[in-house]
Structure formats: C-alpha cells, structure tokens
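Work through the exercises below with the sequence and the model at hand, and try each task before reading its solution.

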Amino acid sequence: MLNYKDLSFWEKRAYTDHIDVAIIGAGIVGMTCALALKHANSSLRVVVLERGYLPTGASSKNAGFACFGSPSEIYTDLASMSEEEVWETVAMRYDGLKRLLELVPSARMGYEACGSWDLLDKNEHLSTDFLAYLNDNIQKITGQASCYGEDHEMLAKSGIRGFKFAFKNRLEGSIQTDQLIDSLHASCITAGIKFLYGTPVQSIDSGELLTPFGTLHANQVVVCTNGFAANLLPLDVTPARAQVLVTTPIDDLAINGTFHFDEGYYYFRNIGNRILFGGGRNLDFTGEQTLSMEPTGRIQNHLISLLQTNIIPGKSFDIAYQWAGTMGLGTSKKPIIKRIDKHTVVGVRMGGMGVAIGSLVGEKLSKIVLNE
Ligand SMILES: Cc1cc2nc3c(=O)[nH]c(=O)nc-3n(C[C@H](O)[C@H](O)[C@H](O)COP(=O)(O)OP(=O)(O)OC[C@H]3O[C@@H](n4cnc5c(N)ncnc54)[C@H](O)[C@@H]3O)c2cc1C
C-alpha cells in the first residue's frame, strides 16, 4: 500500500499538498459543489475523495427521473407537511432541475422532456378540484399552465395493466444517468479538480481527514456522502437501499416516458426498448435500511412479477441487469445543508430526488464554504 508520506514531489504537488477544499463523495452533490467552487474562484485547490473505484452511492445507480412532484405524492405530503413546506420542496426540485440544465447541456446528459405518469388503480383523491389546485400552485413556480392532467389514452395505448387512472405531469423528464455523471466528471477535470478514488475517509477532525493511506489536511471539508453520512458525523440520516432491474430489449415496446405508482414506491421507464424498473422498498422497510448494495431475491422477484402482470404483460423478456444503490433519508424530506464547525460543511440526505436537487445543493454548499 502506498502511503501519502511516500508520494513523489509531483504527486504531492498535484494531489495532496495545500488542499483548500476537500470534498468527500463523488456523487452529484460532491461534483457540483466542486464545480461551483472552481467557478467562483479558479485558483482554489479542490480535491474530491471517493471511497469507491467509481462513485458508489446513488448518483450513478439511480433511475434517471428528472422529477419534481407527482399528484399523488403531493397529495400524500400535504397530509404530513405544511402546505408551505410542500410547495417549497417542489419549488426547490423544479429550480434544481433548471439549474442542472444550465450546468449540463441537455444533450450531454441525455435529457428528454418525456413527461411522467402517476398510475392508480383507484382514485379517491385526485379530483378535478385538486388538479386545479395543483396547476395553480405549480404555475406560480414554473410560469407554465396545465402541468398536471388526467391522461385517458395512455394506459390502453401502452399495454400497461392493473391501473384505471393515469395522471400526467407534462413538465417532468428523464436523463441518462451515466451521461450526467460522465459530463460532471469531465467538467470537473477541465476545471482542474482532482479526484482520489478508492479513498474511504475514516474520520474528520478540524480539517484533518484520516484515510487508510494516511492523513490529509484541508482548510475546508465538505461532506457529500448522502446515505453514508452518519458513518462520519452524528446526523439524522438513515440509509435506504433502492433496488432496480433492467430487462433485455423488448420487441414493439409501447412504453415511452417515466412512470410511478404506489406513492412512488415503484417506478419504471424505458431506456430505448428496454424497461428499467425499481422500487419495492415498502415490502421490507427495516431490511432495506442498510448500506449493503446487494439486490435481494424477495424484492427483485416481486419486481419481475409486476413486470409480467402489469407493466409488460405478454411480452417476452429476460432480466439483463440487477443492482441496488443507497439513498439518504431522515425524519424530514429536506436535505441537511449546513456548516458544522469552522472547517466542516455538510450537504447530505437527498432522498429520492437528488437528480433534481443535487446541483442546487452543491451550489449552496459552495456559498457556505466561501462565506457568501
Ligand atoms: C436506485 C436508485 C434510484 C433513484 N432514482 C432517482 C431518480 O430517478 N431521480 C432522482 O432525482 N433521484 C433518484 N435517486 C436518488 C438520487 O440518486 C440521489 O438522491 C442522489 O444521487 C444523491 O447524490 P449525492 O451526491 O448526495 O450522493 P451519492 O451519489 O450517494 O454520493 C455519495 C458518495 O459518497 C461516497 N462516500 C460515502 N462515504 C464515503 C467516505 N467515508 N469516504 C469517501 N467517500 C464516501 C459514496 O461512495 C458515494 O459515491 C435514486 C437513488 C437510487 C439508489
């Protein structure tokens, strides 16, 4: 093992000496924070430390929904959060997506304004009045009318079974997750940001970062470890495993866009002529509160059975990919964005919406670091 103390002059000068800001975690938040810091001050020495040989959390494993709020999710949230808080959260996601599209051109992350559909088998709540209420409020945020509406044709056209109602959000879209991560990484490299992969930070104390290779010093440390945050700091963050599968290509697939049901506990989309399908955490909330990234038979088999009965019934397919990622949840749906001490800033707990809010959080963190 090569310890930091034994690095060459060149290596130390390039990677480990005089670090202004060390960012822990190479996910969307870590990389967008690094970029925002360099955009604000290109002479800052910014180093990102990532425990995995690739980003190993949620950002390179997610479903790629560019979403800000489905009718049934907003309905459910209104029962447990204040109205002000619900719309603040929706606005943050919408602004975050706008910000992301400014930072990464849509073609460089495969963004498609495909719309999303909320699928229900019964509808006791989403009345015409409630949709009008949603549209009024969302127009205040987006400036656009008629964001939400019932779609009477999609279910019959797509072959999806087991649902009677489909509510469309015409302003949501999708990204190609790998392309977003690649683009952010490429922008970071161009900006002169250094990456130390395979570097798990074991503890942080007043700008000292302990790793298996020795201790690094940074003037400022930004913790962007999302679901893993409680390993380093006493924070209200609980890991939540999220499991996904992707099918083999399917002939004559009539599904195009992003879809969710059961209050967002299940979500699917097409990737070309394959289906990506994820969710099922609600089958075992306690068991899924884990940092393990191994998919489980119980949830994967349930996803496969729903594919056969509801999503692509009658179609021939195999499962080509199965994986799991780690989300960061807590007692509130809001992320934790704050300075902890003179040397440490934290931006974690992105929930299931980090694609939408991650870049905004990264930018906010950079402002806290720079005392703006
Ligand atoms: C399966 C799945 C599907 C999802 N689908 C969507 C979706 O469709 N739309 C959406 O908006 N959001 C979705 N999410 C959530 C979204 O991906 C996350 O909210 C977002 O990626 C969080 O970004 P982040 O940078 O905060 O954290 P992460 O991407 O988790 O990054 C944290 C990084 O920190 C690293 N790390 C942790 N501890 C240490 C340490 N001690 N030392 C060094 N490095 C460390 C990790 O390896 C990781 O790379 C999904 C999540 C999952 C898991």
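**Exercise 1.** Locate Arg93 and decide whether Arg93 is buried or exposed.

*Solution.* Arg93 belongs to helix 4, where helices are DSSP runs of H or I with at least four residues, numbered from the N terminus. The model is a predicted one, in which local features need pLDDT of at least 70, side-chain atom pairs count only at pLDDT 80 or more, and totals for chains, interfaces and linings use all residues. Residue numbers start from 1 along each chain as its sequence is written. Next, count neighbours: Arg93 is buried because 23 other C-beta atoms lie within 10 Å (buried means 20 or more such atoms, exposed 12 or fewer, partly exposed in between, with C-beta atoms placed from the backbone).

**Exercise 2.** Find which residues Arg93 is in contact with, leaving aside neighbours within four places in sequence.

*Solution.* The contacts of Arg93 are Phe68, Gly69, Met353, Ala356 and Ile357, a contact being two C-beta atoms, placed from the backbone, within 7 Å. For Met353, which is 260 residues away from Arg93 along the chain, the C-alpha atoms are separated by 7.4 Å.

**Exercise 3.** Describe how helix 4 and helix 9 pack.

*Solution.* Helix 4 (residues 83-103) and helix 9 (residues 354-369) have axes 7 Å apart and meet at an angle of about 75°, the axes being lines fitted to C-alpha atoms over the stretch in contact and the angles running from 0 to 180 degrees between N-to-C directions. Helix 4 is therefore roughly perpendicular to helix 9 (65 to 115 degrees; under 35 is roughly parallel, over 145 roughly antiparallel, the rest oblique). Among the residues that meet are Arg93 and Leu97 in helix 4, and Ala356 and Ile357 in helix 9.

How values were computed. Helix = DSSP H or I, 4+ residues; strand = E, 2+ residues; numbered from the N terminus.
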